[in-house]
Amino acid sequence: MDARTITRGAIAGMVGGMMMGMFAMLAMWLDGQPETGFWTPLNLIAHTVWRGAPLDAEFSGGALVLGGVIHMMMSMGLGAAVAVIVSKVGRLGRSLGTRVFTGLVIAMTVWIAMDFIIWPLIDSAAADAFTTWIFAVAHAVFGMTAPLALYALSASARTVPQASHA
């Protein structure tokens, strides 16, 4: 495991996390439930460590910052893990489809653990307030996006033109 793999994975995780977050925020806003809205996902993430964060769609600057930081840290960590695992699986199947499928399996495994075990143990109120199907699809979005970003980062690293010496 080299530092470039981890770094590219963290960057790919940021991309995947941004796409995941955008989907979750828009989906919670459009879901039509009176207690959910655009800010709900970040509020719920923040509530996990700060019980003063709202459990609904109310805007909170503190929850925005705290939820965003926590979400990006988790996304970067998961992205690094995806990069390491995909690099190992990549030796078995180098196709982009295999890499995306692997990322999807990892993300859905994390969703199952987070939705049904980890988050309810840490903060059952926040876990219960996050719409299950949105949480699942958001993880699928991450699982597909992060390996694509990782592939793009790896491909661009392979095709960087070398300086010519005239």
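1. Phe 38, Trp 39 and Phe 59 form one aromatic cluster. The model under discussion is a predicted one, and the structure holds 6 aromatic pairs in total.

2. Within this cluster, the rings of Trp 39 and Phe 59 have centres 4.9 Å apart and planes at 70 degrees, so the pair is edge-to-face. The contact links distant parts of the chain: Trp 39 lies in the loop between H1 and H2, whereas Phe 59 lies in the loop between H2 and H3, 20 residues apart.

3. As to solvent exposure, Trp 39 has 26% relative accessibility and therefore counts as partly exposed. Phe 59, at 46% relative accessibility, also counts as partly exposed.

4. A further edge-to-face pair is formed by Trp 111 and Phe 116, whose ring centres are 5.5 Å apart and whose planes stand at 75 degrees. The two partners fall on opposite sides of the accessibility scale: Trp 111 is buried, with a relative accessible area of 13%, while Phe 116 is exposed, with a relative accessible area of 51%. The cut-off for exposed is over 50%.

5. Helix H2, spanning residues 40-47, is mostly covered, with 8 of its 8 residues buried. These buried residues are Thr 40, Pro 41, Leu 42, Asn 43, Leu 44, Ile 45, Ala 46 and His 47.

6. The packing partners of H2 deserve a separate remark. Its buried residues pack against helix H1 (3-30), helix H3 (61-89), helix H4 (96-122) and helix H5 (124-129).

Note on methods
Residues are numbered from 1 along each chain as its sequence is written. This is a predicted model: local features need pLDDT of at least 70, side-chain atom pairs count only at pLDDT 80 or more; totals for chains, interfaces and linings use all residues. Side-chain values use heavy atoms; hydrogens and water are left out. Buried means under 20% relative accessible area, exposed over 50%, partly exposed in between (1.4 Å probe, protein chains only). Helices (H or I, at least four residues) and strands (E, at least two) are DSSP runs, numbered from the N terminus. Contact means heavy atoms within 4.5 Å. Rings of Phe, Tyr and Trp (its six-membered ring) pair if their centres lie within 6.5 Å; planes under 30 degrees apart count as stacked, over 60 as edge-to-face and the rest as tilted.
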